[in-house]
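Here are my notes on the model you asked me to look over. Please keep the structure open beside them, and find each residue as it comes up.

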Amino acid sequence: MNLTLRFFASVREALGTSQETVSLPPGIDTVAQVRRHLMERGEKWAQALSEQRPLRTAFNQVMCGPDQVVEEGAEVAFFPPVTGG
């Protein structure tokens with residue numbers, strides 16, 4: 001499954017990227033699973049997306065929770081609770 005990922009504010013700064021398209025392996029069906037999958041990329045990913053860190057998520061530009069089911073071609077965004085512009 002292909003998704004567009006977007007990262008904002010301190011998450012973007014920590015990862016050094018604001019957007020990417022990713023191809024996910026089978027079995028990753030929710031926003032929480034996407035987050036965990038990305039954390040496996042390495043230390044900076046694990047720190048930026050840590051489950052201990054309060055992050056907001058959006059699915060197709062609508063705020064969502066970790067149980068949101070993802071689908072082909074969708075956009076998932078990660079950002080801290082307060083962002084500035």
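**Notes on the predicted model**

1. The largest nonpolar core holds 21 residues, and those that touch the most other members are Leu 3, Leu 5, Phe 7, Val 34, Leu 38, Val 76 and Phe 78. Several elements contribute to this core, since S1, helix H1 (9-15), H2, H3 and S5 each supply at least two of its residues. Bear in mind while reading that this is a predicted model. As general background, nonpolar side chains in soluble globular proteins tend to be buried together.

2. Val 76 is a good residue from which to explore the core. Leaving aside residues up to four places away in sequence, Val 76 touches Leu 3, Thr 4, Leu 5, Arg 6, Val 31, Ala 58, Phe 59 and Val 70. One of these contacts, Phe 59, also stands opposite Val 76 in the pairing with S5.

3. The strand pairing around S3 deserves a careful look. Strand S3 (residues 56-59) runs antiparallel to strand S5 (residues 75-79), and four bridges join the two. S3 is also joined by three bridges to strand S4 (residues 62-64), again in an antiparallel arrangement, and within that pairing Ala 58 has Met 63 as its bridge partner. S3 and S4 make a hairpin with two residues between them, and in the turn Asn 60 has a positive phi of about 50°.

4. Which residues of H2 are buried? They are Val 31, Ala 32, Val 34, Arg 35 and Leu 38. Viewed down the axis of H2, these buried residues fall within an arc of 160°, so they line one face of the helix. The cover over them includes strand S1 (2-7), helix H3 (43-48), S3, S4 and S5.

5. His 37 belongs to the same helix, H2 (residues 31-39), but is not in the buried group: its relative accessible area is 21%, which means that it counts as partly exposed, because buried requires a value under 20%. Not counting residues up to four places away in sequence, His 37 touches Leu 24, Pro 25 and Ile 28. Of these, Pro 25 lies 12 residues from His 37 in sequence, with 9.2 Å between their C-alpha atoms.

6. A search of the whole structure finds three aromatic pairs. One of them is formed by Phe 7 and Phe 78, which are stacked, with 6.0 Å from centre to centre and 15° between the planes. This pair links distant parts of the chain, as Phe 7 is in strand S1 and Phe 78 in strand S5, 71 residues apart. Both Phe 7 and Phe 78 are buried.

7. Phe 8 and Phe 79 form an edge-to-face pair, with 6.2 Å from centre to centre and 85° between the planes. This pair too links distant parts of the chain, with Phe 8 in the loop between S1 and H1, Phe 79 in strand S5, and 71 residues separating them. Is each ring buried or partly exposed? Phe 8 is partly exposed, with a relative accessible area of 29%, whereas Phe 79, at 14% relative accessibility, counts as buried.

8. A last point concerns Trp 45. Ring pairs link Trp 45 with Phe 7 and Phe 78 into a cluster, and the charged end of Arg 41 sits over the ring of Trp 45, 4.4 Å from its centre.

Notes: Residues are numbered from 1 along each chain as its sequence is written. This is a predicted model: local features need pLDDT of at least 70, side-chain atom pairs count only at pLDDT 80 or more; totals for chains, interfaces and linings use all residues. Side-chain values use heavy atoms; hydrogens and water are left out. Two strands pair if DSSP finds at least two bridges between them. Buried means under 20% relative accessible area, exposed over 50%, partly exposed in between (1.4 Å probe, protein chains only). Contact means heavy atoms within 4.5 Å. The arc is that of the directions from the helix axis to the C-beta atoms. A nonpolar core is a set of buried Ala, Val, Leu, Ile, Met, Phe, Trp, Tyr and Cys residues joined through side-chain atoms within 4.5 Å. Rings of Phe, Tyr and Trp (its six-membered ring) pair if their centres lie within 6.5 Å; planes under 30 degrees apart count as stacked, over 60 as edge-to-face and the rest as tilted. A charge sits over a ring if NZ of Lys or CZ of Arg is within 6 Å of the ring centre and within 35 degrees of the ring normal.
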